[in-house]
Amino acid sequence: MYHNLLVGFFIVYIGILTNHVLSKTDSQDVSALNVMYTSLNSPSQLSGWKSSGGDPCGESWKGIKCSGSSVTEIDVSSNNLKDSVPYQLPPNLRHLDLSKNQFSGNVPYSISQMTSLKYLNLGHNQLNGQLTDMFQKLTKLEALDVSKNQLTGDLPHSFGSLSSLKKLYLQNNQFTGSINVLVNLPLEEVDVENNKFSGWVPEELKDIAKTGGNSWSSGPAPPPPPGAKPVKKKKASPPPEENKSSVLNGLVIAISVLGALAVIAILISLISRKRSSASDHFLDEERASHRRAFTPLASQELSHDLPPEPKAYKENKSLNSNTSVDIKPLQRTTSIGLKAPVPPTNHAKSFHDNEFANRLKAGRSTSARATSFYLGELQTATANFATGRLLGTGTTGRVYRAKYPDGKVLAVKKLDSSLFQGGNSDTFSELVANISRIRHTNIAELVGYCSEQGHNILIYEYFRNGSLHEFLHLSDDFSKPLTWNTRIRIALGTARAVEYLHEVCSPSLVHKNIKSSNILLDLELNPHLVDNGLANFHQRTSQNLGVGYNAPECTRPSAYTLKSDVYSFGVVMLELLTGRMPFNSKKPKSEQCLVRWAAPQLHDFDALSKMVDPALRGLYPPKSLSRFADVIALCVQPEPEFRPPMSEVVEALVRLVQRSSMNMKDDLAASRRTEDSDY
């Protein structure tokens, strides 16, 4: 009997121990809730919560529900909670309700990693700023409510990834731009009232959306954007008085059409079999793609040497309005006036026999040349512009990575269709011609273009080392920091690119969007400025061209001048010097704006030495640092008239390079990014 009692006690004890183990919350979730509780100043309303440790799933914390050991639901609505939404939240949430509080600040980026999230309610708070592109992975989200806040800016392109979204509430904010990104979503309820939306309400949303209180355009709407699903309209039934013969004629016609369609389907099937091997090539790559996104990518590898001196370059490379543009002879007219070639019968064969190499060779010839690409081949190379191929989103469109079966890679910029609405039919052809004229060692060269079926696309070479922004601000264990001499070379190359636009091109070109994410680095870490020749389109976009980069006088895109570009370049130099971003809301208020914080200290050597990027570990010549700071101070002067022309900036940096006596091979060995595994 004693034995039986002992066994029974042992079983009960094991049961209790098992329940305790099962109720123990995942440590990552506990840590996230601890941080949330502390950042909210330990509000008494959240009963059961702790600032350190605890077991939310086993101790019944208020508003917390779990599945196993994971926190899957947080509902703390109507609790008068204040301050910013905590940056760290449990990653396995399916339901998050923070509504009807007094939260301020931005929507936390940690939400972007909640791949199981189905319900998100941030409504009735005081959230502000723009919604960033953080929705790509939220494919299970069914309901999103950010109503009654102070959110601004255009809707992010990643809204288009919300493939399960049924309910969307955006009312009573200050959103701008169009709502075309919502067209293809399976929405059942939409409220966008009382914002600053413009354009037209898409036909697909008119029956389900509440749209009052916006600045919609009057008059007939333009054609739907590329990729939009056509609105299905029911065909009117034939009147009863139609005779039987007309019905029979209709049947005969229908049978004939069906027969023709069957033949076409067979032909398409045969062609698709030939292409299947090429399209299958991308499947594994899409699943394995975790590359960071960044703004517009492009173009061409450089020589290993430093660029020539400015005067010599002007003598040999000067560009004027008489520069010829050699656009390849074409055979077929598109909707905007450019000619497009008739596609070959076998697309798979078109890139054999070194056709790809010939195209790039044409792009590097002494006369400006842009080659026409077929839309079909670009769709194949980008896996039909798949989200996994998205490299970045800018003010004028999206950039995708295009990879061909022979291993060649291109950057494909798909321009926003809204940029061409209301313009004449020659807008895109003029754009291609103008960009083709821009040719400089440190400027991304246009390789080709495509204009078919309403798509306007620019094609550049792909830079494997990514952008300067990535090197400075998104470095990881696979990257080595840029050495001081490499930073000077990047500054000089970029300055020469801007000098070319300002003082060699005729008429002068204002870039309007100079920032570290628009400076791409080739294998030798030479800089290439991208987003050139698109300044006129920036005037049509309402979003800020770059927080922290804009000169004080630039309250709107049209206020940009050559001197505004000089200021933006000075901010890039500050990034190279300090390793800091132009604006960082996570810093103390006095340090959030890089220029305001750094400018007063640029002539104080003791303060300057404390500002230097810690990644350099003190490995820089003090005199070189001081002279570099002197150039920055001139560029970021508050008054435009006191900023130097870019030719003087180039000369100052050339002198700095000559004094540095840099060894380029040592530089490259010390500052290099590892090979991409999928290249």
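Biologist: What makes the reach of the Ser 158 side chain to the backbone nitrogen of Met 134 a polar contact?

Modeller: The distance is 3.4 Å. A polar contact is a pair of N or O atoms within 3.5 Å; within protein, one must be able to donate a hydrogen and the other to accept it, and residues adjacent in sequence count only if both atoms are side-chain atoms. The 3.4 Å value is within that limit, so the pair counts. This is a predicted model: local features need pLDDT of at least 70, side-chain atom pairs count only at pLDDT 80 or more, and totals for chains, interfaces and linings use all residues. Residues are numbered from 1 along each chain as its sequence is written, and side-chain values use heavy atoms, without hydrogens and water.

Biologist: Which residues is Ser 158 in contact with, leaving aside neighbours within four places in sequence?

Modeller: Thr 132, Asp 133, Met 134, Phe 135, Gln 136 and Arg 398. Contact means heavy atoms within 4.5 Å. Ser 158 itself lies in the loop between β9 (150-154) and β10 (167-169). Strands (E, at least two residues) and helices (H or I, at least four) are DSSP runs, numbered from the N terminus.

Biologist: Is Ser 158 buried or exposed, and how do you know?

Modeller: Its relative accessible area is 3%. Buried means under 20%, exposed over 50%, partly exposed in between (1.4 Å probe, protein chains only). At 3%, Ser 158 is therefore buried.

Biologist: And Ser 467: buried or exposed?

Modeller: Buried, because its relative accessibility is 0%. Ser 467 sits in the loop between β23 (455-461) and α10 (468-473). From Ser 467 to Asp 522 is 55 residues in sequence and 9.2 Å in space, C-alpha to C-alpha.

Biologist: Why is helix α9 called largely enclosed?

Modeller: Of its 11 residues (427-437), 8 are buried, so the rest of the structure largely encloses α9. Among them are Phe 428, Leu 431, Val 432 and Ile 435. Across the protein chain, buried residues make up 46% of 679.

Biologist: Why do β1 and β14 stand at the edges of their sheet?

Modeller: The open sheet has 8 strands, ordered β1-β2-β4-β6-β8-β10-β12-β14, with mixed pairing. β1 (64-67) and β14 (209-210) each have a single partner strand, so one side of each lacks a neighbour in the sheet.

Biologist: How do you know that β4 and β6 pair?

Modeller: Two strands pair if DSSP finds at least two bridges between them. β4 (95-97) and β6 (119-121) have 3 bridges, in the parallel sense. That meets the requirement, so they pair. Leu 96 stands opposite Leu 120 in β6.
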